[in-house]
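Trainee: I have a new model to read, and I want the reasons behind the labels. Can we go through them together?

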Amino acid sequence: MIFDWTVQESFLKAFPQKVGTMLDTLKGHIDKGRDSLDEDAVHDTRVWSRRLSGALSIGAILIDRKPSRSLEMLSAFRTSLGRLRDNHVQRSLAIEYGIEGLPEYLEAKGERLAAQASKSLADFDMERLERDFLHFHRELIVVCNDGNLLKQNTERISNRIEKRYSSVGKSFTGSDPADFATLHSSRIAIKKLRYTLETLDGYTGLDGDTLALLKKIQDRLGKVQDLTVLLKTIGKLVNKRRLSVPGETVQRISIDRHMLVSEFLDGWRDELAAIGRFIEEPATKQCEREDKDRRNLRSGAVEKFSDGIIEKILSLADEKRLSYRGVVAYLRENPAMLDKLDIESLPSYQTLARRAGKLGKRKKPGG
């Protein structure tokens, strides 16, 4: 992870705004969902609700106050939408496996769940959430801008990451990894770790490989859970004589599920170890990753300035409200700031503009 204090300080100062942006994004998805509750709307609303909850939980450790009411509201909201999402998935699987009668049953059930989800969207008290969030946000801004708390807050964030990672390992402790209850709890733990690292991407230096690995594990375990729920649904309806399913179909679903479990078990130890190495990576390893970051993906050439250096300069430009040309000139006139940022040489303002575009930040600070 990143251990550079300038990156930590810059991240913390920007964190309250990031949380506020998450709230605004969620509001947009809720508004869309109220107009049309299709599968994409359900998925996007749940994802951003979970992301906001994760960010609020991280903020809670910084201000020593948990926004319980907001977290409870978001959790209940996700639960309602989650039932509809599960029904969407089950219906798709029922069609895929050709289970006669089940798609129709799930479609009728989906109409009831959609009505409940629509009511949850309509009744969701956004004003209440915004009021609670406003007080929380004000406290967060004060804490994140207090340089005297920098060390304490970065330690708290690091501890949260380590706790999330250790909970993944604990979900397997004393249990059979092939047990479906174990796999379900580990999927939840992986999901929490992923959202934590995504929320703290600027702090941890989260790279594409680690994020892809987290997503791969989560998706694979999600598919196992979906098939587990499908088999339970079939079992209940068959026992109630509301459905008749050929034995070979049930067997095929079971085999597919076991194949997914086998794929997971073949690599999960190495995959979790790789994620663990990223989380526990010492500061001395940063230079090695910067060398990798400096390689131009298109030409294969190595960039003279690492992404980390460019990010530092862009953060300073944003703080001082300077253009690309202005921030380069400022640093040239203030060598003490170069030492403070641990920058040995400066890029031209043209290079800074080009690299900012590559990093998705092509917007001149200060206009």
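**Labels and their reasons**

Mentor: Start with one residue. E198 is found in helix α7, which covers residues 180-199. Keep in mind that this is a predicted model.

Trainee: Why does E198 count as buried?

Mentor: Set the value against the cut-off. Buried means under 20% relative accessible area. E198 has 16% relative accessibility, so E198 counts as buried.

Trainee: Which residues does E198 touch, not counting residues up to four places away in sequence?

Mentor: K18, R51, L206 and L211. Contact here means heavy atoms within 4.5 Å.

Trainee: Now V142. Where does V142 lie, and what makes V142 buried or exposed?

Mentor: V142 lies in helix α5. The label exposed needs over 50%. V142 has a relative accessible area of 58%, so V142 is exposed. One distance to add: the C-alpha atoms of V142 and L265 are separated by 46 Å. Along the chain, V142 and L265 are 123 residues apart.

Trainee: On to helix pairs. What describes two packed helices?

Mentor: The angle between their axes, and the distance between the axes.

Trainee: Take α2 and α5. Why are they called oblique to each other?

Mentor: Helix α2 covers residues 39-63 and helix α5 covers residues 126-144. Their axes come within 10 Å and cross at roughly 55 degrees. Roughly parallel needs an angle under 35 degrees, and roughly perpendicular runs from 65 to 115. The angle fits neither of those classes, and α2 and α5 are therefore oblique to each other. Their crossing is left-handed.

Trainee: Which residues make that contact?

Mentor: From α2 come L56, G59, A60, L62 and I63. From α5 come F133, F136, E139, L140, V143 and C144. By class, the contact of α2 with α5 has nine nonpolar, one polar and one charged residues.

Trainee: What makes α12 and α13 roughly perpendicular?

Mentor: The axes of helix α12, residues 307-320, and α13 come within 10 Å. They cross at roughly 100 degrees. The perpendicular class runs from 65 to 115. α12 and α13 are therefore roughly perpendicular to each other. I313, L314, L316, A317 and K320 in α12 meet Y324, V327, Y330 and L331 in α13. That contact has eight nonpolar, no polar and one charged residues.

Trainee: α13 also meets α15. How do you know that α13 is oblique to α15?

Mentor: Helix α13, residues 324-333, and helix α15, residues 349-358, have axes that come within 8 Å. They cross at roughly 125 degrees, which makes α13 oblique to α15. Roughly antiparallel would need over 145. The crossing of α13 past α15 is right-handed.

Trainee: Which residues meet there?

Mentor: Y324, R325, V327 and V328 in α13 meet Y349, L352, A353 and A356 in α15. By class, there are seven nonpolar, no polar and one charged residues.

Trainee: And the chain as a whole: how many helices and strands?

Mentor: 15 helices and zero strands. The C-alpha trace spans about 80 × 45 × 40 Å along its principal axes. Of the 367 residues, 45% are buried. The chain exposes about 19800 Å², and carbon and sulfur atoms supply 49% of it.

Trainee: What share of contacts with a separation of 6 or more joins residues 24 or more positions apart?

Mentor: 77% in this protein chain.

Conventions: Residues numbered from 1 in each chain as written. Predicted model: local features only at pLDDT ≥ 70, side-chain atom pairs only at ≥ 80, totals over all residues. Heavy atoms only, no water. Axes fitted to C-alpha atoms, helices over the stretch in contact; angles between N-to-C directions. Helix = DSSP H or I, 4+ residues; strand = E, 2+ residues; numbered from the N terminus. Left-handed = near helix turned anticlockwise from the far one by under 90°. Nonpolar A, V, L, I, M, F, W, Y, C, P; charged D, E, K, R; others polar. Buried < 20%, exposed > 50% of the residue type's maximum accessible area, 1.4 Å probe, protein only. Areas by Shrake-Rupley, 256 points an atom, 1.4 Å probe, with all protein chains shown as cover.
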